[in-house]
Amino acid sequence: PGFIPADAWRDRAARARGAGIASRFANAWWGLENGLTDEAVAEIKAIHQADPDHEPTSRMAAMIARLEPACADPDIPGFRGALRVAFETARGPHVLLLHQHSEAEAAARVALLERVVTGYYLTFAGSGIDLQTPARRIVFAWFADRADYLAFLKSQEAGAFVSTRGYYHPTWNAVVSHDARSAESDIRERAVFAARRDEVKRLQAVIDRLPPRARARVALVDEPARTVGKADGAALVERLEREVRRRELLQNERRIAMDDGIAAHEAIHLLAAASGLQPRPGAFPLWLQEGLAMQFEVVRGGRWAGIGRAHDIRLTDWRNLNPPPPLDPLIRDRGFGRGYQRDPYVQAWALVYFLRARRSGQFVTFLDLLRNPAPTADDRPEASTPHLDAFRRAFGADLVGLERDWHDFLREAATPLEEHDPDGPPKPRESTSRP
């Protein structure tokens with residue numbers, strides 16, 4: 001329960017249709033924030049037809065219409081040359097993917113990115129922010145080999161980002177990433193699985209040489225002389241094989257979540273520039289740029305999970321920060337600008353997650369202030385910046401109270417699986433926020 005929103009959509013949509021336009025729109029928004037882009041689009045169109053005067057739906061329906069025509073390809077021979085290795089090409093209405101993968105994998109990646117594009121535009125349209133739709137397809141390059149990805153970064157003088165798995169290149173206006181299967185950690189883990197399979201095969205060979213009666217009483221012993229299992233030999237081998245397969249499936253699940261999440265994250269950087277959300281370089285502080293992109297990262301069950309769900313990976317990282325971080329250094333961009341650093345990134349995710357969930361109106365105001373900055377006041381404190389001014393104007397001067405609310409919100413946050421766990425979500429730690 002709670003893990004696969006697609007399974008809940010039909011019943012939710014049926015109940016909402018019987019409860020009026022407001023309920024239908026709330027459910028369409030729920031679908032959008034849970035990655036059900038196609039379902040949300042169909043419902044928005046139906047709501048708009050039933051009530052053309054419903055303002056949020058009208059804005060979103062207009063955006064859907066603007067997104068429907070397919071874009072033309074951009075001119076990218078220079079970018080192809082900079083990649084230095086050969087790529088195949090796959091396309092969607094708004095996405096051009098250069099890849100070194102199978103046709104099925106490329107088609108799945110294009111479909112993911114198209115859902116992200118639609119979700120991005122509809123989220124902001126529903127919030128009252130009108131964005132430019134792309135005139136040409138947005139460009140992604142997906143390396144099969146991490147070594148080629150690193151070589152590209154170094155050739156572009158982007159060596160600070162060699163610890164990353166994806167990178168938005170502002171000059172080429174394109175995203176590059178590499179397949180997680182080529183990462184050293186994944187290669188090592190697959191080697192462990194292969195060794196475990198060899199052990200199981202050797203055990204099977206030993207059991208096959210036993211007399212038939214002895215095969216029914218096999219004991220598997222782990223040092224120092226602790227019995228791990230005792231069962232029929234065939235059943236024991238089957239159990240061990242299932243465990244290896246289970247671990248392989250979990251690794252594959254993590255890999256897909258990492259690969260697709262990175263692709264979605266970097267797509268938001270590209271879209272923020274292409275759509276005019278960030279109208280000029282430096283208009284947004286770095287914590288906002290990264291925090292917003294991380295809202296789109298969540299992948300569950302091999303499917304993009306939309307915008308607005310607790311992030312399984314980032315939430316775990318947040319819980320490992322002790323004590324919870326102060327707000328002021330974060331909104332001053334401390335810790336950013338030197339490649340990927342886990343702690344400032346997870347703080348940025350957590351802050352944007354909180355602001356969207358609990359201060360959504362103020363968050364939209366903050367974006368508007370950054371996109372349309374007021375003239376600089378002569379009496380502004382010397383230590384202040386336009387970003388900080390906009391933050392205080394949007395969220396108020398009580399940063400201590402905002403910090404406390406932020407920490408309290410994250411203490412109670414839980415993923416859908418945790419919320420539906422029979423044992424309940426992890427107990428929130430004691431707040432160590434400043435009073």
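**Charges, fold and core of a predicted model**

Me: How far apart are the mean positions of the positive and negative charges of the protein?
Reply: This is a predicted model, in which local features need pLDDT of at least 70 and side-chain atom pairs count only at pLDDT 80 or more, whereas totals for chains, interfaces and linings use all residues. Lys and Arg count as positive and Asp and Glu as negative, with His and the chain ends not counted, and each charge is placed at NZ of Lys, CZ of Arg, CG of Asp or CD of Glu. The protein has 60 positive and 60 negative charges, and the distance between their mean positions is 4 Å.

Me: What share of the residues of the protein counts as buried?
Reply: Residues are numbered from 1 along each chain as its sequence is written, and side-chain values use heavy atoms, leaving out hydrogens and water. Buried here means under 20% relative accessible area with a 1.4 Å probe, protein chains only. Of the protein's 435 residues, the buried share is 46%.

Me: Which helix gives the most residues to the largest nonpolar core?
Reply: Such a core joins buried Ala, Val, Leu, Ile, Met, Phe, Trp, Tyr and Cys residues through side-chain atoms within 4.5 Å. The largest one has 89 residues, and Tyr 120, Trp 287, Phe 391 and Leu 410 have the most contacts inside it. With helices taken as DSSP runs of H or I of at least four residues, the one that gives the most, 11 residues from the stretch 103-126, is helix α6.

Me: How many residues are in the other core, which includes Leu 83?
Reply: This core lies apart from the largest one, and Ala 141, Leu 150 and Val 176 are also among its members. Its residues number 18.

Definitions and conventions. Buried means under 20% relative accessible area, exposed over 50%, partly exposed in between (1.4 Å probe, protein chains only). Helices (H or I, at least four residues) and strands (E, at least two) are DSSP runs, numbered from the N terminus.
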